Amino acid sequence: MEQRKTPKRREFLNDFKMNEDGKYQYEGILHLLDETEFSYDKVKKIYLSSILGILLMYIIAGSIRAVGVMNAVFVTLPYVFGFFAAGVLTYKVGLLVFGRYPIRDYDFNSTVLKFKGLVYLVLILTICTLIGELFYVIKYGIKMYLLGTIVFFACMLGALVISIFFGKFNDKLRWKTNK
């Protein structure tokens, strides 16, 4: 029978060793940004501004009265799930930006390595929302919500563009380890 390859839930605690003072010292793998292109402070600013931009676009789009969002499940569901995915991505970015540097291995695995999947999820759900809204507008018309629908499309397109930028920027970054 093979050994389990996936790490156990609290396995990272093995990386802490007690020193002579009786305090625990982290002796595990640390991840550092390869700062040849970007400094860590610049990366933090870009991450924060990107994620706040995505959230702002989603909040504005949800506050506007647009025809598809009010009446169609196939627009509302991807919007709500996209907003939730953007919230999870914001939480992960917050853990990275406001956490310690260099980044411990367990923090790195739960933040930076999850960014790509979360960004793709936000992208897919934003595209589904846009397609659903476009389908609704083509099938049923805009009625009296022309301005709200235009603002909704603009905000969702803005969230899409910022998500693409975030994903491409994240792919550019190179991380190195101390071990």
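These legends walk you through several close-up views of a predicted model.

**View 1. Helices α1 and α3 run alongside each other.**
Start with helix α1, which covers residues 40–63, and helix α3, which covers residues 73–97. Their axes lie 10 Å apart and make an angle of about 155°. An angle over 145 degrees counts as roughly antiparallel, and α1 and α3 are therefore roughly antiparallel to each other. The crossing of α1 past α3 is left-handed. On the α1 side, the contact is made by Tyr40, Lys44, Tyr47, Leu48, Ile51, Ile54, Leu55, Tyr58, Ile59, Ala61 and Gly62. On the α3 side, look for Tyr79, Gly82, Phe83, Ala86, Gly87, Leu89, Thr90, Val93, Leu96 and Val97. Sorted by class, the residues of this contact are 16 nonpolar, four polar and one charged.

**View 2. Helices α1 and α6 cross with their axes within 8 Å.**
Stay with α1, but turn your attention to its contact with α6. The two axes cross at roughly 160°. How are α1 and α6 arranged relative to each other? Angles over 145 degrees count as roughly antiparallel, so that is the description for α1 and α6. Here, too, the crossing is left-handed. From α1, the contact takes in Val43, Ile46, Tyr47, Ser50, Gly53, Ile54, Met57, Tyr58, Ile60 and Ala61. From α6 come Val151, Phe152, Cys155, Met156, Gly158, Ala159, Ile162, Ser163, Phe165, Phe166, Phe169 and Asn170. The tally for this contact is 17 nonpolar residues, five polar and no charged ones.

**View 3. Ser50 is a buried residue of helix α1.**
Now zoom in on one residue from the previous view. Ser50 sits in α1, and its relative accessible area is 4%. The cut-off for buried is under 20%, so Ser50 counts as buried. Which residues does Ser50 touch, leaving aside its neighbours within four places in sequence? They are Ile162, Phe165 and Phe166, and these three also appear in the list of α6 residues that meet α1.

**View 4. Helices α3 and α6 meet at an oblique angle.**
Next, compare α3 with helix α6, which spans residues 146–172. The axes of this pair are 13 Å apart, at an angle of about 40°. That value falls outside the ranges for roughly parallel, antiparallel or perpendicular, and α3 and α6 are therefore oblique to each other. Their crossing is left-handed. The meeting point brings Val75, Tyr79, Leu89 and Val93 of α3 together with Phe152, Met156 and Phe166 of α6. This contact has seven nonpolar residues, with no polar and no charged ones.

**View 5. Two cysteines, Cys128 and Cys155, stay unbonded.**
Cys128 belongs to helix α5, residues 112–140. With a relative accessible area of 37%, Cys128 is partly exposed. Beyond its neighbours within four places in sequence, Cys128 is in contact with Phe74 and Pro78. Phe81 makes a good landmark here: Cys128 and Phe81 are 47 residues apart in sequence, yet their C-alpha atoms are 10 Å apart in space. Cys155, by contrast, is buried, with 6% relative accessibility. Why is there no disulfide between Cys155 and Cys128? A disulfide needs two cysteine sulfur atoms within 2.5 Å, but the sulfur of Cys155 is 18 Å from that of Cys128, its closest cysteine sulfur, and this is too far for a bond. The count of disulfides comes to zero.

**View 6. A cis peptide bond links Tyr101 and Pro102.**
For this view, look at the backbone rather than the side chains. The omega angle of the bond joining Tyr101 and Pro102 is about 5°. Pro102 itself lies in the loop between α3 and β4, where β4 covers 103–104.

**View 7. Asp107 is a partly exposed residue of helix α4.**
Finish with helix α4, made of residues 105–110, which holds Asp107. Is Asp107 buried or partly exposed? Its relative accessibility is 23%; since buried means under 20%, Asp107 counts as partly exposed. Asp107 and His31 lie 76 residues apart in sequence, and the distance between their C-alpha atoms is 9.4 Å.

Terms used: Residues numbered from 1 in each chain as written. Predicted model: local features only at pLDDT ≥ 70, side-chain atom pairs only at ≥ 80, totals over all residues. Heavy atoms only, no water. Helix = DSSP H or I, 4+ residues; strand = E, 2+ residues; numbered from the N terminus. Buried < 20%, exposed > 50% of the residue type's maximum accessible area, 1.4 Å probe, protein only. Contact = heavy atoms within 4.5 Å. Axes fitted to C-alpha atoms, helices over the stretch in contact; angles between N-to-C directions. Parallel < 35°, antiparallel > 145°, perpendicular 65-115°, else oblique. Left-handed = near helix turned anticlockwise from the far one by under 90°. Nonpolar A, V, L, I, M, F, W, Y, C, P; charged D, E, K, R; others polar.
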